[in-house]
Amino acid sequence: MKEVLTAGGILINGDRILLVKKRGKYLIPKGHLESTETIEQAAVREVEEETGHQTKVVGYYGSLIRQSTENSGEVVKKRIEVFKMELVRVSGAPTEEDSEWIGITDALGNMLYGEEGDFIAKHLA
């Protein structure tokens, strides 16, 4: 199975986490790298595109691997490099996804992908 590298970030405010909301469930903001980007640059860009929050990388949580279906229909092994982010400012720009601040405990029981919930629980709960 082909492995695809993606990058994302987790932004925390007190006991709340900023997550993308899709089909009533939550997921870590993330996406594919563009050709000239570093992994960290991709994480910052993806968090802003999906949540409207400009951030900077302040740490590294680790790597998460899960199965995923690409837009082409191909099933791949997705490796997500997850960074700890700090808010720079809320950009107010239109976003590609809906996002929401939610309590970490509440998010854990309502994640779209179990592997992402396990990752958050391991690193934040």
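**Exercise 1. The hairpin.** In this predicted model, determine how many residues lie between β5 and β6 in their hairpin, and which residue of the turn has a positive phi.

*Solution.* Begin at the turn, where five residues stand between β5 and β6, and where G73 takes a positive phi of about 95°. Next, follow the two strands away from the turn: they run antiparallel, and 15 bridges join them. As a landmark on this pairing, find Y60, which stands opposite F83 in β6.

**Exercise 2. The other partner of β6.** Establish in which direction β1 and β6 run with respect to each other, parallel or antiparallel, and how many bridges join them.

*Solution.* Locate β1 at residues 3-13 and β6 at residues 75-90; these strands run parallel, and nine bridges join them. A position to check on the structure is A7, which stands opposite E81 in β6.

**Exercise 3. The helix α1.** Work out what span the 13 residues of α1 should have, and compare this with the distance between its end C-alpha atoms.

*Solution.* The expected span, which is 1.5 Å times one less than the number of residues, comes to 18 Å for α1, and the end C-alpha atoms are 18 Å apart, so the two values agree. Then turn to the side of the helix that is covered: A42, A43, R45, E46, V47, E50 and T51 are buried, and the buried residues of α1 pack against β1, β2, β4, β5, β6 and β7. Just after the helix comes G52, with a positive phi of about 80°.

**Exercise 4. A glutamate in the helix.** Decide whether E46 is buried or exposed, and explain why.

*Solution.* First place E46, which is found in helix α1. Its relative accessibility is 7%, and E46 therefore counts as buried, because the cut-off for buried is under 20%. Now look for its surroundings beyond the residues up to four places away in sequence: E46 touches A7, K30, G31 and H32. Of these contacts, G31 is 15 residues from E46 in sequence, yet the two C-alpha atoms are 5.9 Å apart in space.

**Exercise 5. The largest pocket.** Identify which residues lie closest to the centre of the largest pocket, and which elements give two or more residues to its lining.

*Solution.* The largest pocket holds about 450 Å³ of space. Among the 20 residues that line this pocket, K22, K30, H32, E50 and K78 are the closest to its centre. The elements that give two or more residues to the lining are β2, β4, α1 and β5. Finally, sort the lining by class, which gives four nonpolar, five polar and 11 charged residues.

How values were computed:
Residues numbered from 1 in each chain as written. Predicted model: local features only at pLDDT ≥ 70, side-chain atom pairs only at ≥ 80, totals over all residues. Heavy atoms only, no water. 1 Å grid on protein atoms, 1.4 Å probe; cavity = no way out; pocket = protein on both sides within 12 Å on 5 of 7 lines; lining within 4 Å. Points joined across faces, edges and corners; volume = space filled by probe spheres on them. Helix = DSSP H or I, 4+ residues; strand = E, 2+ residues; numbered from the N terminus. Nonpolar A, V, L, I, M, F, W, Y, C, P; charged D, E, K, R; others polar. Pairing = 2+ DSSP bridges. Buried < 20%, exposed > 50% of the residue type's maximum accessible area, 1.4 Å probe, protein only. Contact = heavy atoms within 4.5 Å.
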